[in-house]
Structure formats: C-alpha cells, structure tokens
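Me: I would like a close look at one part of this chain. Please describe that part first, and then what the rest of the chain is like.

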Amino acid sequence: MHRPSRRHLAMATALAAATATAAAVAVTTTAGASDSKEQAQSAIQGGKAKNVILLIGDGMGDSEITLARDYTVGANGRLNMDKFPLTGSYTTYAVHADGTPDYVTDSAASGSGWATGVKTVNGRISKTPGTDKAVPTLLELAQKNGYATGSVTTAELTDATPAVLAAHATDRSCQGPADMAKCPSDTIAQGGPGSIAEQSVNHKADVLFGGGKQRFDQKVTDGPYKGLTVTEQAKKLGYQVITDHAGLKNVKAGKPVLGLFASGNVPTEWTGKPAATGGTDPQRCVTSNPNRPSTTPSLADSAAKAIELLASKQQQKHSKQGFFLQIEGASIDKQDHAADPCGQIGETAAFDRAVKVARAYAAEHPDTLVVTTADHGHTSQIVPLEAAPPGMSSTLVTNEGQQLKVNYSTNTPGQSQEHTGTQVRIAGQGPQAYRVLGITNQTDLFTTIREALRLR
C-alpha cells in the first residue's frame, strides 16, 4: 500500500486549509473585494500555468495602497488590486555578504530575491551576496523552457527592478557602457557580460518597454558591437525600436521590441505640491502633468500591448507554452522618496489600471497566474489632521470631499525619504496562487512562478 510522504501530507493539509480560508473570505467579504466564491476556489488549485503576469508596485506598501484608495475611490471603495481572491504578505529583508539579515532592502536586492530565489546584498543585481556569482533568473529560465518573455516599467529599463530579470551586475548603478565604475569585473573587456543595457538586449527578451533611452544611447566600448550605441546593438540583434504611443500601437509581433519612451524615467501622470515642514494648505492633485508628453504611453497601454505581442508570438509558433511578463509601476517609490503625495497617488492609480488589464486577460485565459505585490514598504503615513509631525506633511482633499493628511518622516526634511523594512502585500489568482497565502518570504515568489510554469 502506498503511503504518502510527509511532504505530500503537509501539502495536502496546506491546500485544505487554504481552500477553507479562501472560500470563507470570498463568502464574507464586503462588496468590491474578491469577485466571487468560485474565483477564490479556482485560485486555490495547483496545476500548471500557461502564462504568468507579475505586477510590481515599487515601494507600494499598505500605506501607499491605502492612500491611493482613500483619495481615488474612497475609504470604503476598492481598487483593482484589492479584488484578487487570495491575499497574503511577504517579508522583504536583504542580507549582508555573510548571509545575516539586512532588515531594510533596496529594489536591487528585493528584486533579485523573487527573480532568482536567492537573497543578496543591497545594490546587487541577481548575483550571490558573498561570492558575487550570477544566479539564473525567472526570465532566463522561462526563455530556456520555451516561453515568450517581457518586461514593462515606468522607470529606466536599466533600473533595478527590470534589471533583476535580464542582467547580472555587482552594482545597480552599472546601467550603460559608460556607467561601469562599480562593476569592473562585469565589463566586456574583463570577460564580463557588460552593462545592464547591453545584457538586456543580448537576452533578446521579446518585449522591453520603459524609459532609459539615455543608457541605450551610450556607445559600447568593447566586444563585437564596439563603437555602436546599445540601441544600434539592439537593432543588429533584430529588435524593432519604438519611442512613443504611435509606435506602440502599430508594432507587430514576430520580432522583439524595444520601447524607449523617455530619456530617463517616464514622467509621472499626476502633479501637486510636495509635502513640507509644517504641512501644506489643503490641495487637490493635478491629474495631468504638463511635463509628460502627450505621446507617452500609459502603463496600462504598455501592459496591454506587451500581453498582445507575447500571446501572438506563441500563437504564431503554435507553442504549448505561453509567456512570462513582469510589469512595474516604478515611480510610486520615486515620488515617495520625494515626499510628493500627488505624484505617488497618480502612479499608484496608473499601476492599478495595469492590474485591471492583467486581470481582464486572465478572466479570458484562466490558465494565467496573476500576482501583484511590492518590492518593499515606504515612508508615507496617513495621520490625524490635528497631528503635527516632525517631518514633512501635506493635506489633500480627496474625491470624497474630505481632508486627509499624509506624513513623510523617515529622513530629515529635504533629504530623500527612506524605504521601510515592513512586510508587504502579495495577492494572486490562477494556478498556484494559493502559495501567496499567509506570511511568506520574498524568495518564495520565485518558487511560486517556477512551479506554475514548470521551469527546470
């Protein structure tokens, strides 16, 4: 008689508990939470995913989510990211070179955690903490297993979060061929893979959309593409290069696509007065940024096109495998650093519209695992109106016509505000989504996606 192993018994127990928990949540939630009991039950199932869409709100801790919810849809409203059937939390700490915890992570170490399953030191891109050796990433494993791959961001494509999938670097600053001062062993001259920009196009991911044109305009200094810009290198490798919404709309599947929609980071969607010492007068956010060109694609539009291109490629190939796509709302973090609540809320709302795109695709393709999470927590805190915080604060007038005070006090006023070491939300739907339940580790997300796509 076959006796189930301890591992199988543990998994069966966990699945049973997850089923009971999620079903109870789905039945008892208020309007606007998880969409249905059936959706929650289906998300508990294991099985193989054909596609995975991973959405990262950079710096999007619970405070940032709550602030965007309160301002845009009301305290009792629900964002698209609130509607996933299964929700948990994960820890975000980095490590020192000796493996001991570093309690507050940056985006490089945190992203490396889910991209490789290995925690590393702050500032490092998908390399080990002690020996500085490259570790295979989800994107690399997905390509090896026949999946189409893509990365979409509102940051530079060479910034930490997109870089962790498509590059290995000793330091996150080594973005272009002219930026290699902190990565001497990674240079092509020393037998390394080159800058993050060079590595990204050499990987030939099917879709790369974001900012950072300034990095790709740098000239390659060594190797077979010496003297060319990285953009020219990309074209030699077969990339279609686009720079605006018209290009995004008209590009066709069949060849890889490099979308460079800004010289640096993609400009924010909203503007407003930043927080100040002693607070600000009550303000409404300006929902159009005069410094954002009208030709700039939204994150939702970029996400929708990326999904279309990746799915079309696999259909053209008659592949049984689907795609792996990461989508990052990067400037939630960047505006949090700047103590700019309106910029921050606008980027969270833009990210939430991309979440809606991903979930709409999954509704038609239930063999798609969709996960949304953050890389780390951040500084903004909603405080009472009568509070007099020692740092910087701003008072907003929400869409409900109420005043809300947000405080930034993780660094001296005038300095860049800091990440926090708190656990952050992770939510999911589709095959293997039950793995997000409870309190997990950031590196467990690597295992969730690897198991969903059966990457070996």
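Reply:
**One loop and the chain around it**

T229 sits in the loop that joins α8 (213–216) to α9 (230–236). Helices (H or I, at least four residues) and strands (E, at least two) are DSSP runs, numbered from the N terminus. The model is predicted, so local features need pLDDT of at least 70 and side-chain atom pairs count only at pLDDT 80 or more, while totals for chains, interfaces and linings use all residues. Residues are numbered from 1 along each chain as its sequence is written, and side-chain values use heavy atoms, with hydrogens and water left out.

Is T229 buried or exposed? T229 has a relative accessibility of 13%, so it counts as buried. Buried means under 20% relative accessible area, exposed over 50%, and partly exposed in between (1.4 Å probe, protein chains only). If its neighbours within four places in sequence are set aside, T229 is in contact (heavy atoms within 4.5 Å) with F216, D217, Q218, K219 and V220.

The loop between α8 and α9 also holds G227. At 39% relative accessibility, G227 counts as partly exposed, whereas T229 is buried. Not counting residues up to four places away in sequence, G227 touches K219 and V220; these two names also appear among the contacts of T229. G227 can also be placed against a residue further along the chain: G346 is 119 residues away in sequence, and the C-alpha atoms of the pair are 40 Å apart in space.

What does the whole chain look like? The protein has 14 helices and 16 strands. Its C-alpha trace spans about 70 × 65 × 50 Å along the principal axes. For 456 residues, a compact globule would have a radius of gyration near 23 Å; the protein has 22 Å, so the two agree. That radius is taken over C-alpha atoms, and the globule rule is 2.2 Å times the number of residues to the power 0.38. Buried residues make up 57% of the 456. Of the contacts between residues at least 6 apart in sequence, 72% join residues at least 24 apart.

T268 is another threonine in a loop, this time the one between β8 (257–260) and β9 (276–277). Its relative accessibility is 11%, so T268 is buried. Beyond its neighbours within four places in sequence, T268 is in contact with N289, R292, S331, Q335 and E347.

T372 lies in a strand, β11 (residues 368–374). With 2% relative accessibility, T372 counts as buried. Residues up to four places away in sequence aside, T372 touches L55, M60, M81, F84, F351, V355, R425, I426 and A427. Between T372 and K236 there are 136 places in sequence and 35 Å in space, C-alpha to C-alpha.

Two helices can be described by which of their residues are covered. In α3 (residues 62–72), the buried residues are E64, I65, L67, A68, R69, D70 and Y71. The buried residues of α3 pack against two helices, α12 (331–337) and α13 (341–364), and against the strands β12 (381–383), β13 (392–397), β14 (403–408) and β15 (424–429). G74 follows α3 and has a positive phi, near 95°.

Helix α14 (residues 442–453) is mostly covered, with 9 of its 12 residues buried. They are Q442, T443, L445, F446, T448, I449, E451, A452 and L453.

Which residue takes a positive phi just after α14? The residue is R454, at about 55°. R454 is not a glycine, and it lies in the segment after α14. Its relative accessible area is 33%, so R454 is partly exposed.

Why mention the sign of phi at all? Most residues other than glycine have a negative phi. S126 is another non-glycine residue with a positive value, near 50°. S126 is found in the loop between α4 (107–116) and α5 (138–144). At 0% relative accessibility, S126 counts as buried, whereas R454 is partly exposed.

To return to the starting point, T229 is a buried residue in the loop between α8 and α9, and G227 in that loop is partly exposed.
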